[in-house]
Amino acid sequence: MAFSTRRGGWGNSLLPSTTASSSSPSSTTKSKFSRKPRRRLALRDFIFANFFTIGLAASLFFFFLVVLRYGVPKPITSHFKSRNPTRIVKPRKPISRKPVLVDSGGATVDITTKDLYDRIEFLDEDGGAWKQGWKVTYKGNEWDSEKLKIFVVPHSHNDPGWKLTVEEYYERQSRHILDTIVDTLSKDPRRKFIWEEMSYLERWWRDASDSKKESFVNLVKNGQLEIVGGGWVMNDEANSHYFAIIEQITEGNMWLNDTIGVVPKNSWAIDPFGYSPTMAYLLRRMGFENMLIQRTHYELKKELALHKNLEYIWRQSWDAEETTDIFVHMMPFYSYDIPHTCGPEPAICCQFDFARMRGFMYELCPWGEHPVETNQENVKERAFKLLDQYRKKSVLYRTNTLLVPLGDDFRYISIDEAEAQFRNYQLLFDYVNSNPSLNAEAKFGTLEDYFRTLREEADRVNFSHPGEVGSGQVGGFPSLSGDFFTYADRQKDYWSGYYVSRPFFKAVDRVLEETLRATDMMMALLLGYCQRANCEKLPVGFSYKLTAARRNLALFQHHDGVTGTAKDHVVLDYGTRMHTSLQDLQFFMSKAIEVLLKIRHEKFDQNPSMFEPAQVRSKYDVQPVYKTVIAREGTYQSVVFFNPSEQTREEVVMVVVNKPDITVVDSNWTCIESQIYPELQHDKSKFFTGRHRVYWKASIPALGLQTYYIANGFVGCEKAKPAKLKFFSKSGSFPCPTPYSCSKVKDDIVQIHNRHQTLTFDVKTGLLQKVIYKDGSQNVVGEEISMYSSWGSGAYLFKPTGDAQPIIKSGGQIVISEGHLMREVYSYPHTEWEKSPISHSTRLYNGENTIQEFLIEKEYHVELLRDEFNDREIITRYKTDTDSKRIFYSDLNGFQMSRRETYDKIPVQGNYYPMPSHAFIQGSNGKRFSVLSRQSLGVASLKDGWLEIMLDRRLLRDDGRGLGQGVTDNRAINLVFHILVEANISSTSNPVSNPLPLNPSLLSHCIGSHLNYPLHAFISKKPQDISIRPPLRSFSPLAAPLPCDLHIVSFKVPRPLKYSQQPVGDPRFVLILRRRNWDSSYCRKGRSQCTSVADEPVNLFYIFKELSVLNAKATSLNLLHEDTEMLGYTEQFGDVAQEGHVYISPMEIQAYKLDLRPQQ
């Protein structure tokens, strides 16, 4: 159970060799970094002291300046009294500052994480009792002018799945914890608590009695119980895509607001394994004011603590105007459990975890000294010992307001446990508070209590360091930009393994995400164009399953879900939930297209669907299989494509057919050129499945539908052209399938080409060597497939033994296909194993006006299914001739790029970073090599010009972080990359000298969007006689395609269950837009049919055909705030209701509520 052996907790703690003696509260030992006595601002003191003696005329000018800069002065009294926790604080407007990096448009900040990495030596020095720090001391007079205000914050960390499934945890622990919270807090108004995960609260709410619910609401309203974060889960920040993060937070926040009537404003993220600035941005745009984080590299914590920078303003790297600023508290020590939260000495703090007293279920303190009941005889000694830890922790921060979490995984499970904590701590607080000479006041508190008091103190006392940029949002703290990957918790153990663990389910996560997004769009379009109640039946009736799908996606964003760090049976539970939702969504889409194409009108919800998805999964843990179009003589079958993009898609598409003698026609029954190619499989004894893939170039309108027909016996059209096949096989034999012509490769190299590029392969290994362009220039690619041997790796950690070793030997089998639309090299390589763990295809496309022409498609089929691959981690490595200087760029959550630099002072595993969707290297000449992925993986650049991506990992051992197992439940998986090589068309930034992240090109953005949001194909279930020709079947809802850098993040009905109950005219629809930031030194038009970018505003009122947009209003990303200034947006964002103009700056995401009504 999570409470007995916890991840990274005290059981694996950094035990000091000897217990350091604690200083007494009155100690006057000189601190290594002593706190200066607090003093008031001189100007403010002068004004208060001399207000009546300075004449009104003489003082007016100076007083005006003070008010303008600092706000209305507050009386100097105690600010520690509890206030109404539901008050709304409006942040100050940003102060204009002259940016240092004007040319590159970057933020001006005091600290970057790159600077920290450059400065830290990563020596892993033993700090004594605080092993990862130093011996913390204080003088004793630090609290003479401003007493120490201590907030002890009780909490219980409830993983929605880890070692047990979410339902098992709920039944065994979480439901009892929530019962306990209500009962124990109701006994004493001084008691406080915080709760984070809405997945458990919603589940409890369904079971709770009315009186329990009423008590819960009252505790929230009176400030005893705070909901922090309020997302469905506490999401991972490395693998999760920003779309899924928005969805999971919004789902939790909206449920909370609808049910209890509160909206969170403080985020609590104690357990994600590293932190992304994307999260800070999204939270800021959702109306959050403060964040708390914990799991960052221990050397970074030490460096920040040395300079009292553990609390800072997190600013996005592109933000020169301070509009993204959000306040952050970073916890200073090893873990969030009680031994590592009261102060720097865990052996002492553990003595104040009263649930570890004998008689409870938890293990005793591993340091040998255990907690004892507090009574009148020992309270003084115990209070002094605890206060000493509080004071030592306090001197790591700037203010005299201190936060002390009090909890652990699944704590407060019983009344007895909760009472032990509350009873003993209240006795200690009473003693401290009754002795004014201690200059301290301690109490239970919430995050809101802490952050409110801290901000009030920061308003009164100037904590800024000399020359500090800080922020106009909260004065007195440094500003910081960057991310906190890769996390290390101790002894150079880097948590980079979870970037890749369970890659199969990381892929399913993205498929569910893009299917949910497409389904939302279809539902919104159905309801938008609906003119009578009958047509609401299908979408409204499906609302329950749509909500379930959104919650299943949200659940998997949990930091033990998408990370791949749960027990096998828990992974099965996550996978089954996602599989069920995928089937539900696809079923709805297959019926929705009938309505949108006007095939059926009345009672369509009662009839079986005429269509089925082109790709289906028979089980939760198998690859999708293409449905076969059965092309009988004299019949045709319909293929309908839905385009979830905001631009028209010109794309080479593919479906699988049972016979090669077919013809493709469009919805006007116009002939379409097509290509036929035998379907291959990962089986060296039988390459061909007996089925065929037919390719043709399709055109599908933005957010629209287009129909094509696969016909057999259609007179007047040319049949699909068979590809020409070449092969290389060590045995020399090759079964040539009908009706293809086959020949044997005789050279040592083989090439495929389209009109833009030629690819060269080594025949003996089947690996890509170089790319040659039509102007004669070329780039070395140097593809390599290798494996790490990793005896210390586990679900979380990557700990390789030496470098990765190539596994491909000479003598594999190759099939080369040459057609007019698609050309491919398929390789089943020769390895030391009888059955290769990998096979791969490399494809080039021909298709005028398609972006596919410019990319190289790589598809790797990986099977680490047998014990012979235990403790192996397989990678693909591209050894290019780009002089990248070991600097590369990887994305954060599919939202922004981060600059990465490979350091010799940290091991290989520390130089691996998350790659949710994109990575690239760039040379000094501007040549850029990019790899785009449709799922999250791990990436590194260990040598100049190299880019390597880990594909899968099979690990026998547990890595000591609490999971208690390895990762051996591997599934066969297909991983698809799109590789893009670009040359700049104008001067570009030097990656070495520019510390800021570079942006993708516009073409790269478009390729990534097509990869992550593919066309959805549906096939008619029954063939039709070729003599029966239906009318034109297409659907095109947009008045015109949107600009190429404007992306529809989401178009949906956020409350489908309540759609029918909402008054007509209420904004029942939501449109969320993102403006991509792209590197203009590369091709502006994106080499595609891009006609415009969003430099000019888009008018929301005229986006749709035959739909009126009514009551448009700007809102927060969680759809719960309409004060856009509070969210940090420009004033123009809030003016949409008047003129309908959408002004959106690069990198911004903006949400709009609106109503849609068919035009009469």
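A residue counts as buried when its relative accessible area is under 20%, a cut-off on which several of the following legends rely. The model shown in every view is a predicted one.

**View 1. Tyr677, a buried residue of strand S22**. Tyr677 belongs to strand S22, which covers residues 674-680, and because its relative accessibility is 2%, Tyr677 falls under the cut-off and counts as buried. When neighbours within four places in sequence are left aside, the residues in contact with Tyr677 are His692, Arg693, Tyr695, Ala723, Leu725, Tyr740, Ser817, Met822 and Glu824. The C-alpha atom of Tyr677 lies 9.5 Å from that of Val656, a residue 21 places away in sequence.

**View 2. Strand S26 and its two partners, S27 and S34**. Strand S26 (residues 724-728) is joined to S34 by 5 bridges, the two strands running antiparallel, whereas its pairing with strand S27 (residues 742-744) is parallel and consists of 3 bridges. On the side of S34, Phe728 stands opposite Ile814, and Lys726 has Ile816 as its bridge partner; on the side of S27, the bridge partner of Phe727 is Lys744. In a regular strand the side chains alternate between the two faces of the sheet. In S26 the covered face carries Leu725 and Phe727, while the uncovered face carries Lys724, Lys726 and Phe728.

**View 3. Strand S34 and the hairpin that it forms with S35**. Strand S34 (residues 809-818) is largely enclosed by the rest of the structure, because 7 of its 10 residues are buried. S34 and strand S35 (residues 822-830) run antiparallel and are joined by 7 bridges, and the hairpin made by these two strands has 3 residues between them. Within this pairing, Val815 stands opposite Tyr826 of S35.

**View 4. An open sheet of 4 strands, with helix H14 packed on it**. The strands of this open sheet follow the order S50-S51-S55-S53, and their pairing is antiparallel. Strand S50 (1046-1052) and strand S53 (1107-1115) occupy the edges, where each has a single partner strand, so one side of each is left without a neighbour in the sheet. From one strand to the next the twist averages 30 degrees. Helix H14 packs on the sheet and touches S50, strand S51 (1069-1075), S53 and S55, the direction of H14 making about 65 degrees with that of S50. The antiparallel pairing of S53 with strand S55 (residues 1149-1158) extends over 7 bridges.

**View 5. Leu1107 in the edge strand S53**. Leu1107 is found in strand S53 and counts as buried because its relative accessible area is 1%, although S53 stands at an edge of the sheet. Across the pairing, Leu1107 stands opposite Pro1158 in S55. If residues up to four places away in sequence are not counted, Leu1107 touches Gly528, Tyr529, Leu1156, Arg1157, Pro1158 and Gln1159. Leu1107 and Leu1156 are 49 residues apart along the chain, yet their C-alpha atoms are separated by 6.2 Å.

**View 6. Phe1051 and the largest nonpolar core**. In soluble globular proteins, nonpolar side chains tend to be buried together. The largest nonpolar core of this model has 291 residues, and those with the most contacts inside it are Trp195, Leu201, Phe216, Tyr390 and Phe1051. Helix H14 (residues 503-529) gives the most to this core, contributing 14 residues. Another core, of 41 residues, lies apart from the largest one and includes Met654, Val664, Ile710 and Phe727. Beyond its neighbours within four places in sequence, Phe1051 is in contact with Asp520, Met521, Ala524, Leu525, Leu703, Phe1069, Val1070, Leu1071, Phe1104 and Leu1156.

**View 7. The packing of helix H7 against helix H16**. Two packed helices are described by the angle between their axes and the distance between the axes. For helix H7 (residues 242-259) and helix H16 (residues 543-556), the angle is about 115 degrees and the axes are 9 Å apart, and H7 passes H16 in a left-handed crossing. H7 brings Phe243, Ala244, Glu247, Gln248, Glu251 and Trp255 to the contact, where they meet Thr547, Arg550, Arg551, Leu553 and Ala554 of H16. By character, the residues of this contact divide into 5 nonpolar, 2 polar and 4 charged.

Methods:
Residues are numbered from 1 along each chain as its sequence is written. This is a predicted model: local features need pLDDT of at least 70, side-chain atom pairs count only at pLDDT 80 or more; totals for chains, interfaces and linings use all residues. Side-chain values use heavy atoms; hydrogens and water are left out. Axes are lines fitted to C-alpha atoms, for helices over the stretch in contact, and angles run from 0 to 180 degrees between N-to-C directions. A crossing is left-handed if the near helix is turned anticlockwise from the far one by less than a right angle, and right-handed if clockwise. Contact means heavy atoms within 4.5 Å. Ala, Val, Leu, Ile, Met, Phe, Trp, Tyr, Cys and Pro count as nonpolar, Asp, Glu, Lys and Arg as charged, and the others, Gly among them, as polar. A nonpolar core is a set of buried Ala, Val, Leu, Ile, Met, Phe, Trp, Tyr and Cys residues joined through side-chain atoms within 4.5 Å. Buried means under 20% relative accessible area, exposed over 50%, partly exposed in between (1.4 Å probe, protein chains only). Two strands pair if DSSP finds at least two bridges between them.
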